[in-house]
Amino acid sequence: MIPTGIVPYAKRPGITSFSSLWAIKKSLGTDKVGHTGTLDSFAEGLLVALTGNLTHLVPHITSFTKTYQAVICFGKGTETLDPTVTPGASGPSVTEAQVLGVLSEFTGAILQVPPVYSAVHVAGKRASDVARGGGNVRLEPRQVFVYTISLLDFREPSAYDSCSYALLEIKCSKGTYIRALARDIASRLGTVSYLCALRRTRVGPFTLDDAAGGKAMPCMTIDYALENSARIMSGAARNSRDSLTQEEFLGIRGAFRAFTPGVAAECGLTCERLLPEYERAYQNGRPLSWRMFAPVQQAPVAIDEELRNKNEAAVFYSDGGFAGVVRREEGRPRYGFVVPAKPAERKTRVFLWQDILTPSFPAEWISRGTALTVGSFDGMHLGHSSLIQSVVSHAEKNGLVPGAVTFRSSAKKLLQDDWDGELTVLEQKLELFAEKGMAFVVVIDFSPDFSKMDGTSFMETLRSFCGMRFLAEGKDFRCGHNGSMDMDSIKELSLRKGFVVETVPDVSGADFDGGRISSSAIRGAVMRADFWSAQKMLGRPFSFYAANLSWHEEDSRWFAASCEESMQVLPADGVYDVVAIMSGGYALEDSVELNKVEPESFHTKCRVHGRMISLLVPGEFKAEKVRTVNFFKE
């Protein structure tokens with residue numbers, strides 16, 4: 001289930017707001033994340049991210065008042081008004097008294113011309129793109145509101161630096177450009193300026209201190225701003241990002257806030273409970289009436305009056321789940337957006353390739369249409385997850401049935417010198433497909449006959465016998481005999497056969513040493529016992545499937561088993577911290593359905609020696625009940 005909630009996150013300088021969402025997506029296991037107000041790449045501070053269906057509330061959160069801390073350099077200016085380019089213009093420095101004397105002129109409702117290098121659109125293009133292309137940009141002034149400006153610190157010119165610096169705290173409305181504010185203050189004082197550093201500390205009720213990573217940020221000072229400016233100008237911080245650390249991973253999960261009536265009230269929304277007898281009518285888009293709702297009873301929440309939204313109300317189902325937003329129009333409720341109720345736990349059906357050629361595959365699914373992705377899915381890493389999410393999202397939007405087509409590995413692969421084992425066995429793949437919301441999985445045994453099938457026949461079979469209306473794959477996907485059919489050929493076929501093809505971008509970048517996530521990269525990490533890198537790419541710990549092993553007792557509760565017949569990769573020889581998961585997860589019943597069974601687990605030690613593993617098993621557990629052994633890095 002996609003998490004629906006709010007994540008206050010501390011963006012670091014040198015990366016874009018969009019790139020900053022990567023850590024949130026990976027920590028929460030969802031690509032459905034949006035932020036509520038861009039920070040320039042040189043800037044830092046609070047990003048309020050919304051996940052799941054809450055992304056519909058982006059415009060509401062974006063309208064909140066914001067508080068910034070900014071350090072302005074007086075006496076030098078840059079074309080972009082920030083430290084991303086070398087200063088060109090120069091002018092006199094200013095005094096503390098001069099700055100204090102004009103701040104009041106920049107409070108209240110003021111007219112402000114946005115910076116030329118900004119995201120404001122001119123004739124359908126970003127002003128910054130036009131300016132960088134050498135075009136002439138003319139922007140009209142717009143009204144913004146500055147609630148307060150306070151001077152927190154000031155530095156006079158010195159023998160080493162002819163500029164003066166002011167640290168300001170600004171509380172302002174949506175659409176206020178702090179770079180433009182710094183430009184206009186300097187212009188009023190007869191000089192030029194640029195921002196050395198900018199930090200957002202508050203968005204409505206959300207603060208930087210409560211954000212993931214917020215407390216780790218150093219205090220904003222003039223010295224810190226000068227260091228930041230030097231890093232940005234030198235390019236040392238530009239577009240850089242460290243890989244996801246365990247601390248950041250846990251911090252994001254800890255900062256995540258489910259969208260409850262209490263959180264909705266903090267955001268200025270009144271809260272209504274949808275009465276159970278009207279839930280079906282509400283989800284079916286029937287006309288609304290206030291009799292369908294009852295006010296949510298909760299303790300009063302103190303909020304700033306400027307946050308209060310008198311035109312919209314958050315709606316919750318009787319079980320407390322977020323149901324969407326209704327608008328008040330002329331005293332009557334109107335739909336804003338609807339969040340479907342959480343579905344009952346779904347069973348994932350499993351078919352063999354020959355099954356879809358027979359009545360075993362439901363005719364109603366073929367009529368309704370299916371959304372598919374095809375691949376080996378070895379490891380089921382974050383790249384695979386993006387494919388699956390694309391399938392599930394498209395299916396939900398278009399009323400299709402989401403499914404996957406995958407392959408069963410042959411034991412002959414273990415005899416190949418260049419193959420060290422798979423990351424996940426079929427049973428684990430099926431569990432993961434079920435967890436990610438797939439309604440069905442088609443399993444193909446890579447037989448000699450199947451391997452000779454050409455790509456066109458394979459795709460036409462899926463379209464005709466599996467009801468395929470949508471296919472999501474990576475740009476390098478190939479199918480058919482010797483991989484003869486690539487994505488361009490599949491797209492040409494789709495136009496003739498009536499299905500949609502989506503090319504899903506690879507998950508890659510600096511976060512993974514500049515390369516794309518791949519099963520081979522994860523396999524290498526596991527073999528090196530680099531379990532944290534493997535976990536980052538997988539989105540979960542590496543899990544060795546042990547349900548088919550035959551254990552024998554060695555000594556002192558150590559049990560050993562041979563893995564010679566297992567096709568899974570093992571780490572290098574050593575003793576590792578692991579979590580043993582007992583029988584549970586998803587049980588395959590009658591070869592057609594996966595049903596959830598709650599597991600037990602315990603922390604212990606695992607010794608690897610060649611294709612042998614030994615497990616330390618506490619007395620209250622039995623080795624033969626161990627289903628998986630999860631390797632992790634503390």
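Reader: Taking buried to mean under 20% relative accessible area, which residues of helix H14 are buried?

Author: This is a predicted model, and in it helix H14, residues 455–465, has Gly455, Phe458, Met459, Thr461 and Leu462 as buried residues. Those residues sit on the same side of H14, because they cover an arc of only 155° around the axis.

Reader: Why would residues with gaps between them in sequence point the same way?

Author: An α-helix has 3.6 residues a turn, so residues three or four places apart point the same way.

Reader: And what do the buried residues of H14 pack against?

Author: They pack against a mixture of strands and helices: the strands are E21 (370–374), E22 (401–408), E23 (440–445) and E24 (468–473), while the helices are H13 (448–451) and H15 (487–497).

Reader: What happens at the start of H14, and what about just after H14?

Author: At the start, aspartate 454 places a side-chain oxygen within 3.1 Å of the backbone nitrogen of threonine 456. Just after H14 comes glycine 467, which takes a positive phi of about 70°.

Reader: Switching to H5, which of its residues are buried, and what do they pack against?

Author: In helix H5, which spans residues 178–188, the buried residues are Ile178, Arg179, Ala180, Leu181, Ala182, Ile185 and Ala186. Their packing partners are helix H3 (96–102) together with strands E4 (66–74), E7 (108–112), E10 (142–155), E11 (164–172) and E12 (193–203). Just after H5, glycine 190 has a positive phi, at about 75°.

Reader: You mentioned E7; is glycine 108, which lies in that strand, buried or exposed?

Author: Glycine 108 counts as buried, because its relative accessibility is 18% and the cut-off for buried is under 20%.

Reader: What is glycine 108 in contact with, leaving aside its neighbours within four places in sequence?

Author: With those neighbours set aside, glycine 108 is in contact with Val144, Phe145 and Val146. For valine 144, the separation from glycine 108 is 36 residues in sequence, and the C-alpha atoms are 8.2 Å apart in space.

Reader: Different topic: how many cavities of 30 Å³ or more does a search of the whole structure find?

Author: The search finds 2 cavities of that kind. The largest cavity has a volume of about 70 Å³, and the second largest has about 30 Å³ of space.

Reader: What lines the largest cavity, and which element gives the most to the lining?

Author: The lining is made up of Lys26, Ser27, Leu244, Phe249, Leu382, Trp532, Gln535, Lys536, Gly539 and Arg540. Helix H1 (17–28) and helix H17 (531–538) are the elements that give two or more residues to this lining, and H17 gives the most, with 3 residues. By class, the lining has 4 nonpolar, 3 polar and 3 charged residues.

Reader: How many residues of H17 are buried?

Author: H17 is mostly covered, with 8 of its 8 residues buried; among them are Trp532, Gln535 and Lys536, which also appear in the lining of the largest cavity. Glycine 539 follows H17 and has a positive phi, near 85°.

Reader: And which residues line the second largest cavity?

Author: The lining there consists of Gly379, Leu423, Thr424, Leu538, Arg540, Pro541, Phe542 and Ser543, which divide into 4 nonpolar, 3 polar and 1 charged. Arg540 is in this lining and also in that of the largest cavity.

Note on methods:
Residues numbered from 1 in each chain as written. Predicted model: local features only at pLDDT ≥ 70, side-chain atom pairs only at ≥ 80, totals over all residues. Heavy atoms only, no water. 1 Å grid on protein atoms, 1.4 Å probe; cavity = no way out; pocket = protein on both sides within 12 Å on 5 of 7 lines; lining within 4 Å. Points joined across faces, edges and corners; volume = space filled by probe spheres on them. Helix = DSSP H or I, 4+ residues; strand = E, 2+ residues; numbered from the N terminus. Nonpolar A, V, L, I, M, F, W, Y, C, P; charged D, E, K, R; others polar. Buried < 20%, exposed > 50% of the residue type's maximum accessible area, 1.4 Å probe, protein only. Arc of directions from axis to C-beta. Contact = heavy atoms within 4.5 Å. Polar contact = N/O pair within 3.5 Å; in protein donor to acceptor, adjacent residues only side chain to side chain.
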